[in-house]
Amino acid sequence: MKLVALIAVCLTGALLLYGTTDMPNWGDPNSPASLHVSPRYIEKTMEETAVPNMVTSVLADYRGYDTLGETTVIFTAAIACILLIRRFSP
Amino acid sequence: MISPFEDVIIQTVCRILIPFIQLYGLYVIAHGHSSPGGGFQGGVILGASFILLCLSYDLQEIKKRLSQRANVIFLSVGVIIYAGIGIVCLLLGGNYLDYSWLRQILPVDPVEARSIGIFGIEVGVGVTVMAVMISIFLDLASEEEQKGS
Amino acid sequence: MEQVIGKYNYWIYIILMMIGFYAMIGKKNLVKKLIGMNIFQTSIILFFISTGSKKGATIPIVSNGHEGIHRAIEAFQYMNPLPHVLMLTAIVVMVSTFGVALALLLMIYRRYQTLDEDEILRLRRK
């Protein structure tokens, strides 16, 4: 059983290593991730929201709906912990 | 299960240190606009200060300072602040969570209004994250010990 | 060789991911599986963060921003803020899923008095 697990892990790792040959180099300024969406955020953050920290402005303004859902996720996690563990006395 | 553990050095150091940790947590939340920080990080620091109180004293101490009922209320209040700001924007005529419409009730221009809206969001997130950390830790640490309210 | 030196960060993440993946599928103890899941998530987070880095760029915070900016902000000066945002939320979700998973393990232990997977399956079949 452990051998099967080891073979599966090595196979997955080899496939992923093969996949890295198509990835951009580390720190490449022209990588696809840095070319399309993020320049809009970087250039317009200061004049649109007056917040110097771009991470905060993207987190709470441009993607505020995303963060709302994510706050709801951790809220639900805490409620789930309370319901699972805490004993309620009538 | 955390047993009562009496140590003068640990208790004294933690008692002196915890207010400064909480002050730093508030600073991280409030200064998230222009330095690394924000609601998530500051909330975790605030929660960690309460967990340190619980580790250095015992579980009864933290229940004296912050009751379970108040903790659950904090948990909900954070999400309500967040969603409430969105609804205020909706009532003022904009889209949901479009903070620039807050200019109608605040004496600022739209750009500054977005900045203030972001601050409100950070406070809501910080309160929720603090309460979540304390709640999960207390539930996992106090086995069979507490009675729900 | 060019492939390895230019992309050595991916090798680190893949090795971390393999460790976590092996712990998830190879170990019998449920807590060890959980730790493996955490390592796996950490490697994914590191991978995402590394896609946002640019050589010669600084962190995505405009310096002296509150005094008003009198210069144009170019995209190549600052790192990509998007992976940071996504992973900031992912870390918090990771913590809360970890808490819920620990609570579930606590309930499993209270019921079966063990955390071994085979043991639990054997007790369930009876």
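# A tour of chains A, B and C

Begin by selecting Phe47(C), which counts as partly exposed because its relative accessibility is 28%; on this scale buried means under 20% relative accessible area, exposed means over 50%, and partly exposed is in between, with a 1.4 Å probe and protein chains only. The model is a predicted one, in which local features need pLDDT of at least 70 and side-chain atom pairs count only at pLDDT 80 or more, while totals for chains, interfaces and linings use all residues. For finding your way, residues are numbered from 1 along each chain as its sequence is written, chains are lettered from A and ligands numbered from 1 in the order in which they are written, and side-chain values use heavy atoms, with hydrogens and water left out.

## Stop 1: the rings of chain C

Keep Phe47(C) selected and turn to the aromatic pairs, of which the structure holds seven over all chains. The rule behind that count takes the rings of Phe, Tyr and Trp (for Trp, its six-membered ring) and pairs them if their centres lie within 6.5 Å, calling planes under 30 degrees apart stacked, those over 60 edge-to-face and the rest tilted.

Add Tyr10(C) to the selection: the ring centres of Tyr10(C) and Phe47(C) are 5.9 Å apart and their planes stand at 55°, so this pair is tilted. It joins distant parts of the chain, with Tyr10(C) in helix α2 (residues 8-26) of chain C and Phe47(C) in helix α3 of chain C, 37 residues apart; helices here are DSSP runs of H or I with at least four residues, strands are runs of E with at least two, and both are numbered from the N terminus.

Now select Phe48(C), whose ring centre is 6.1 Å from that of Phe47(C), with the planes at 90°, so the pair is edge-to-face. Through these ring pairs Tyr10(C), Phe47(C) and Phe48(C) are linked into a cluster. Colour the cluster by accessibility: Tyr10(C) is buried, having a relative accessible area of 4%, whereas Phe48(C) counts as partly exposed at 32%.

Next select Ser43(C), which lies in helix α3 (residues 30-51) of chain C and counts as buried, at 2% relative accessibility. Leaving aside residues up to four places away in sequence, Ser43(C) touches Tyr13(C), Leu16(C) and Met17(C), where contact means heavy atoms within 4.5 Å.

## Stop 2: where chain A meets chain C

Show chains A and C together: 47 residues of chain A are in contact with 51 residues of chain C. The size of an interface is often given as the accessible area lost when the parts come together. For chains A and C this buried area (the accessible area, with a 1.4 Å probe, that two parts lose on being put together, summed over both) is about 4,500 Å², 74% of it on carbon and sulfur atoms.

If you look for charge pairing here, the count between chain A and chain C is zero salt bridges, a salt bridge being a side-chain nitrogen of Lys or Arg within 4 Å of a carboxyl oxygen of Asp or Glu. The rule for polar contacts, in turn, finds 11 residue pairs across this interface, both residues at pLDDT 80 or more. A polar contact is a pair of N or O atoms within 3.5 Å; within protein, one must be able to donate a hydrogen and the other to accept it, and residues adjacent in sequence count only if both atoms are side-chain atoms.

On the side of chain A that touches chain C, the elements giving two or more residues are α1 (2-19), α2 (38-49), α3 (54-62) and α4 (64-85) of chain A. Select α1(A) among them, since it gives the most to this side, with 10 residues. By class, the side of chain A that touches chain C has 30 nonpolar, 10 polar and seven charged residues, where Ala, Val, Leu, Ile, Met, Phe, Trp, Tyr, Cys and Pro count as nonpolar, Asp, Glu, Lys and Arg as charged, and the others, Gly among them, as polar.

## Stop 3: where chain C meets chain B

Swap chain A for chain B: 12 residues of chain C are in contact with 10 residues of chain B. The area buried between chain C and chain B is about 960 Å², and carbon and sulfur atoms give 80% of it. The count here is zero salt bridges, and the rule also finds zero residue pairs in polar contact with both residues at pLDDT 80 or more. The side of chain C that touches chain B has, by class, seven nonpolar, four polar and one charged residues.

## Stop 4: inside chain B

Finish with chain B alone, whose elements run α-α-α-α-α-β from the N terminus on, and of whose 149 residues 46% count as buried. Select Gly124(B), in helix α5 (residues 110-141) of chain B, which is buried with a relative accessible area of 0%. Gly124(B) touches Gly78(B) and Ile81(B), not counting residues up to four places away in sequence.
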